[in-house]
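Student: Got a minute? I'd like to go through a structure with you.
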Amino acid sequence: MTTVCHLEPDQNAQISRLGGPPGLMRRLVALGLRPGAAIRLVRRAPLGGAFQIALGDSFIALRAQEAGQIHLELS
Amino acid sequence: MAALATARAERLLVTVGNPNVGKTTLINAVSGSRFEVGNWPGTTVDRLSAHCKLSGRSVEIVDLPGSYSLAATTPEEKIARDELLALKPDLVVDVVDAGNLERNLYLTLELAEMGLPVVVALNLVDEARAKGLTIDADLLARELGLAVVPLVASRGEGIGELCEQALRDNPAACPLVAYQPCIEAAVEELGALLEGAPERRWLALAALSGETVRLPLPVAERSESLRQKLEAEGVDPFLEIAGQRYRTAHELSQRVLDRQQAPPQLTEKIDRWLLHPWLGLPLFLAGMLLVFRFTFLFSDPWIEFVGAVQGVLAGWVAGSALPPVVQSFLADGLIGGVGTVMAFAPVLFFLYLAMSFAESSGFLSRAAFIADRVMHWAGLPGRGFIPLMLGFGCNVPAIYATRTMEDFNDRLRVALAIPFTACSARLAVFVLFAAVFFPAQATAVVFGLYLLGLAAGLTTAAILGKLAPTGHSSGAMELPAYRLPTLGLTLRQAWMRTFAFIKGAGGSITITVLVIWLLLNVGGGKPENSLYAQLSQLLVPVFTPLGVTDWRLVGALIPGFIAKEVVIGTLGVSYLGSEPVAALGLMDGLQQLGQSFLTACWAFLNAIPAMFGLPQLAPPAPEAPDGLAGALGTSIAPAGAMAYLVFLLLYTPCVATVVAIRQEFGRRWASFSVFYQLLVAYVLGLLAYLVWPS
Ligand SMILES: Nc1nc2c(ncn2[C@@H]2O[C@H](COP(=O)(O)OP(=O)(O)O)[C@@H](O)[C@H]2O)c(=O)[nH]1
Ligand SMILES: [Mg+2]
């Protein structure tokens, strides 16, 4: 088990579980980040701190704290 | 307001959809640009609506804020959800991104559960095609049981068919998602309690998911116990319901979608550069500089032109046969007041252009993504960077630019930090004083003041963040595809917002200028006897600890409330006496107006190359009446001058900024910023006087 924070660029994974406060979880699910969804890390932000991930046909930016709440299974 | 408007139109339509899918563009196309902008009542979320005639029937279309779901995870989504339930529209136009069908269908499935009549506007078909996606719209329509209209809203393609659909009496959509038996049973039980409400299925599902929806008390209690029962059985109703909607959306999109291999998209190619590990930062800074320059270089010639018009009008007044007091009232009070308001119009117009371009093109999200790290130090989101930076040009547009932030607390904190940043009006005073008192270190002094202002602002934001931790302001956001905004829509929106400023803020600003005019002119005769001089002398003891003992310096801070650069003019008048305004004949005035207009046009054209020039770091040469520098040099010691500058930098924002804060955040916060900044300015001014070597 790992989180988005530990992915390498271009690595694929599947979301296994969402942590964090309920408000954050709802926001993530609304953006499409739900358990079972397949994601790929595109890159880290140029100054670090944030992550860009690809999810289906969209790109999503996450801060480190939020990325750390998305638990993954590597595929 | 909405209720009033619906009473007039025969048919009420609302657009709903994810952010950035072209809802506003669609309304613009359907209504032929006849839209109005404003705020949702009690909020500062933009509200856009249009009245138009379609085939002779009057139609009102309301643009609901962009939403990913109706679970109300943001203030915008909450408005969209509440208005959908309250407005009872005749038709919901669900704008769907054809290139991101699965996630967009999630919202469609939710809408279908609300029991509202829905038509699907399948927009961005051009972009989807470029991605190698083909959607069988007829099949999608059959699967959903809804009308589906493929569109390219930005080019007007498919709008005709959408207008036809808009006038049909579409039946209410039928729910399409089948949930697990245990959830269906709970929904059925709650639905029975809500008999008669067309949206009962959606309401029951929302209540089970633990969302805050308004329900009769017995139903709310029952749903809570059902929810707990499900959780005890090991089912998380929220994740189960959302998960099933996503599964249904996925299956649907699989059936109607044909995916061909496509070359990398423009968005990915641009991101490879803009978000590049090392090139990202310099490109980001260059982009910020461009936004800043666009806003201020293009507006500057028109601000000058407003000043020239004021000058000509004052000249005509001086040439009239009116008594001097009336002349002064007209020229300095009325024309001055209206001129102060009008001088903000160009800068706001270009700011709105820049911001709406940045937002709907997709650049703003990237800027926020990069700036997040920097702003994090003050506990602020990345989107706060642009407003803060704009503050260095002018605080007023910067306050309005905070609207691009989602969370109210975050916006407020940035807005309260902005007035501390040294705007260009303050720069004029800094360079004058620096040249007189600190000629050897003029640049360092001016630069130091900029840093002090920024530090005071960021500290304020950080402290307020500690006092009132933000709710769930999340940095999670979509990075949308880069898209070219349509020029007409962008211009019209910018113009309407600028007009809204003039209407909303113009009165208060003009009145403030008039009050200050009165203060300066009552009890005239000798300047020392005026009410203004007396009041200034009363204030002198307050400023003595700061080393400022000349009433003229203290007094100039009062009209400085109009705009901080006014301080120089006031000092000029009180040290050197006022020069009479030269009278102008009608023809001379007209000729001057024409000339200033041509000058403005020429300067405007010259702003285009200037946008891309290298930044100039040295402060400009001081501009002040002859002799003022000498008079100032003898009226105060350097340490006092330093304290005066620090005070001037930080004290009460100018009236237009205060009015902007009032419009965006309410009276309480506007007063807070006035008093808080006075306090900070006084304390730091005192410190500056004490530590400055004299
Ligand atoms: N290529 C393309 N761009 C579009 C289309 N519709 C809208 N846009 C662009 O998409 C961006 C977002 O549009 P906007 O109406 O502001 O979206 P909203 O947030 O849903 O109101 C703008 O730059 C539009 O010009 C379309 O059908 N095709
Ligand atoms: Mg819009």
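Tutor: Let's take the ligand site, then a couple of loop residues. This is a predicted model, where local features need pLDDT of at least 70, side-chain atom pairs count only at pLDDT 80 or more, and totals for chains, interfaces and linings use all residues. Residues are numbered from 1 along each chain as its sequence is written, chains are lettered from A and ligands numbered from 1 in the order written, and side-chain values use heavy atoms, leaving out hydrogens and water.

Student: How many residues surround ligand 1?
Tutor: 17, with B:Lys23 and B:Asp126 among the closest. A residue is near if one of its heavy atoms lies within 4 Å.

Student: Why does ligand 1 lie between domain 1 and domain 3 of chain B?
Tutor: Both domain 1 (11-167) and domain 3 (280-471 + 484-615 + 636-691) give residues to its shell, so it lies between them. The bounds come from an automatic or database domain assignment.

Student: Which side chain has an N or O atom 3.0 Å from a ligand 1 oxygen?
Tutor: That is B:Asn123. A backbone N or O atom of B:Gly22 also lies 3.0 Å from an oxygen atom of ligand 1.

Student: New topic. What is phi at B:Lys88?
Tutor: Near 45 degrees, a positive value in a residue other than glycine. Most residues other than glycine have a negative phi.

Student: Is B:Lys88 buried or exposed?
Tutor: B:Lys88 counts as exposed, because its relative accessibility is 52%. Buried means under 20%, exposed over 50%, partly exposed in between (1.4 Å probe, protein chains only).

Student: And B:Ala72, how does that count?
Tutor: B:Ala72 is partly exposed, at 22%. Its phi is positive, near 55 degrees.

Conventions
Polar contact = N/O pair within 3.5 Å; in protein donor to acceptor, adjacent residues only side chain to side chain.
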